[in-house]
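Biologist: I am new to this structure and would like to learn how to read it. Could you walk me through a few features?

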Amino acid sequence: MPFVQSSGPEFLKLETDQTLPREVDVAIVGGGIIGVSAALTLAQRNVKVALFEKGLIAGEQSSRNWGWVRLAGRDLRELPLMLRAHELWGEMNALVGDDTGYRRCGILYASMTSAARERHTRWAAEAARYGIASHILEPSKLAAFAPGLTRQVAAALHTPADGRAEPQRATPLIARAAITSGAQIFQDCAVRTIDVEAGRVSGLLTEHGRVRASSVIVAGGAWSRLLLKGIGVTLPQLKVLSSVYRTLPIEAGIEPCMSFSSFAIRKRMDGGYTVASSSESVAEITPDTLRFFAKFLPAYLAERKGLTLRLGRAFIDEALRWQPRDADRPSIYEAIRILDPKPHQANIQRVHRALVEALPAFRGVGTAQSWAGMIDTTPDAIPVISSVSERPGLVVGTGFAGHGFGIGPAAGEMLADIAIGRTPLSDPHPLRFSRFTDGEKLHLQHWL
Ligand SMILES: Cc1cc2nc3c(=O)[nH]c(=O)nc-3n(C[C@H](O)[C@H](O)[C@H](O)COP(=O)(O)OP(=O)(O)OC[C@H]3O[C@@H](n4cnc5c(N)ncnc54)[C@H](O)[C@@H]3O)c2cc1C
């Protein structure tokens with residue numbers, strides 16, 4: 001497969017279908033890792049499925065992320081699903097017939113303070129109850145994983161079963177496997193709206209025509225809120241900008257993914273490292289920020305040290321353009337085929353300085369490229385993987401809050417199960433859509 005050249009990272013370009021079906025069993029909106037994983041599972045089960053992507057498969061978050069496949073520090077409510085994801089990743093290369101870059105290299109989170117060490121210790125104890133082997137490394141043991149490390153830490157949380165995969169390869173390869181298994185996938189095919197008849201979802205309207213379906217899965221990443229708003233369904237979802245860079249190839253001798261708060265690194269298949277900060281991000285203030293202010297306040301308070309709130313053009317832009325429109329006319333989904341925000345250069349420079357200070361081997365190693373991605377998040381920072389009782393036939397898989405790549409294959413499987421009425425392998429209740437309205441007290445878990 002050739003690579004797409006873009007201002008973001010280069011990713012594998014998939015050849016896809018042109019002629020729309022009139023009717024399918026399940027239609028999927030969004031060709032990120034969640035949508036394509038759902039398509040793969042459905043096709044493997046001989047369900048007639050079509051996926052519609054407004055731009056290119058993996059054009060948004062799914063090619064822009066760090067590529068960490070982790071249990072470490074996850075919200076406990078996600079652990080059963082993530083354990084299943086680990087099983088699926090283990091079989092992935094054989095299944096897709098190519099190298100997704102998946103390696104079980106382990107993940108280390110440095111405990112920068114004694115309070116962090118205590119939190120990490122508690123997480124490891126909780127994780128043990130799920131059969132997960134994760135342990136605290138004393139600082140003296142860290143040098144074996146990070147040669148030349150100069151940074152003082154209180155400890156590190158080490159999860160050997162964790163791993164990494166190559167975001168610029170994995171999602172297109174999973175999509176290709178879905179096609180081989182019988183799914184139809186369409187690119188440059190925006191879904192303008194979801195069709196609803198007598199309160200029930202009946203299909204969707206794309207820019208190239210209408211497709212009937214008994215079930216529609218919305219896996220639209222940062223766009224899910226808008227698409228659902230178009231059919232009167234309110235999803236509390238906001239977006240956060242996260243910036244990344246990659247280095248030129250270097251023999252640093254570091255295999256596991258590692259986070260030191262001010263920087264985090266992951267070895268790439270091309271011999272370089274993907275580098276970013278796990279503690280810095282930017283949120284544009286938009287009308288939705290105000291609308292969901294109360295729901296997101298705990299998340300904001302928890303993240304406020306590293307979160308820059310910006311008031312700029314995005315406010316007006318979203319107020320005027322990010323609105324449901326008459327479906328007979330071209331939509332914003334066609335105007336913005338790929339959400340490609342500019343990276344925050346000051347953030348990238350800070351991260352680079354922190355990296356070379358802590359690991360001098362990186363001094364003088366060139367930056368090959370930088371990019372950013374728009375992370376979609378929910379008030380409790382766990383996704384929605386759920387049907388929606390007020391719209392029978394609608395299934396939502398979104399809000400992965402910056403950690404949907406690793407869990408993606410299992411999340412797609414769960415969505416597929418829900419769409420065809422099969423009991424998922426783990427309990428989807430904590431991830432239900434109705435938790436935002438049924439009186440549950442939303443809460444965040446902070447382990448990292
Ligand atoms: C910088 C960064 C670092 C990250 N690091 C990690 C990590 O290390 N590990 C991890 O597990 N996760 C990580 N994540 C999070 C992870 O990338 C996402 O959670 C995951 O990719 C979400 O997948 P998705 O399919 O939901 O969304 P996306 O990949 O964003 O895909 C959604 C797709 O839907 C399409 N779409 C939307 N609306 C329409 C429409 N109306 N019609 C047709 N198509 C539509 C979009 O074009 C898009 O391609 C990171 C994210 C970022 C941005």
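Modeller: Gladly, and please keep in mind that this is a predicted model. Let us begin with the lining of the second largest pocket, where strand E21 (residues 384–387) provides the largest share, three residues.

Biologist: How many residues line the second largest pocket, and which lie nearest its centre?

Modeller: There are 18 lining residues, and Glu 390, Phe 433, Ser 434, Phe 436 and Thr 437 are the ones nearest the centre. By type, the lining of this pocket divides into eight nonpolar, six polar and four charged residues. The volume of the second largest pocket is about 310 Å³.

Biologist: What about enclosed spaces: how many cavities of 30 Å³ or more does the structure hold?

Modeller: A cavity is a space where a 1.4 Å probe fits but cannot get out. Here there are three cavities of 30 Å³ or more, and the largest cavity has a volume of about 40 Å³. Its lining includes Leu 241, Glu 280, Thr 308, His 344 and Asn 347. Strand E14 (238–247) gives the most to that lining, with three residues, while E14 and strand E18 (281–284) each supply at least two. The lining of the largest cavity splits into two nonpolar, six polar and one charged residue.

Biologist: Leu 241 is in that list. Which residue 100 places away in sequence lies 7.7 Å from Leu 241, C-alpha to C-alpha?

Modeller: That is Pro 341. Pro 341 sits in the loop between helix H11 (332–335) and helix H12 (345–358), and at 13% relative accessibility Pro 341 counts as buried.

Biologist: Now disulfides. How many does a search of the whole structure find?

Modeller: The idea is that two cysteine sulfur atoms must be within 2.5 Å to count as a disulfide. The search of the whole structure finds zero. Cys 105, for instance, is in no disulfide, and the nearest cysteine sulfur to its own, that of Cys 257, is 4.1 Å away.

Biologist: Why is there no bond between Cys 257 and Cys 105?

Modeller: Because the sulfur of Cys 257 is 4.1 Å from the one in Cys 105, which is too far for a bond. Cys 105 is buried at a relative accessible area of 16%, and Cys 257 is buried too, at 0%.

Biologist: How should I read a helix?

Modeller: In general, an α-helix has 3.6 residues a turn, so residues three or four places apart point the same way. In this model, take helix H3 (residues 79–96): among its buried residues are Leu 81, Met 82, Ala 85, His 86 and Trp 89. Helix H3 has 18 residues and spans 25 Å from first C-alpha to last, close to the expected 26 Å.

Biologist: Where is the kink in H3 centred?

Modeller: On Gly 90, with a kink of about 35°. Just after H3 comes Gly 97, with a positive phi of about 70°.

Biologist: Which residues other than glycine have a positive phi?

Modeller: Two examples are Ala 381, with a phi of about 60°, and Ala 401, with a phi near 50°. Ala 381 lies in the loop between strand E20 (367–377) and E21, and Ala 401 in the loop between strand E22 (394–398) and helix H13 (404–419).

Biologist: Is each of these alanines buried or partly exposed?

Modeller: Ala 381 counts as partly exposed, at 25% relative accessibility, whereas Ala 401 counts as buried, at 16%.

Terms used: Residues numbered from 1 in each chain as written. Predicted model: local features only at pLDDT ≥ 70, side-chain atom pairs only at ≥ 80, totals over all residues. Heavy atoms only, no water. 1 Å grid on protein atoms, 1.4 Å probe; cavity = no way out; pocket = protein on both sides within 12 Å on 5 of 7 lines; lining within 4 Å. Points joined across faces, edges and corners; volume = space filled by probe spheres on them. Helix = DSSP H or I, 4+ residues; strand = E, 2+ residues; numbered from the N terminus. Nonpolar A, V, L, I, M, F, W, Y, C, P; charged D, E, K, R; others polar. Buried < 20%, exposed > 50% of the residue type's maximum accessible area, 1.4 Å probe, protein only. Expected span 1.5 Å × (residues − 1). Bend = angle between axes of the 7 residues up to and from the residue.
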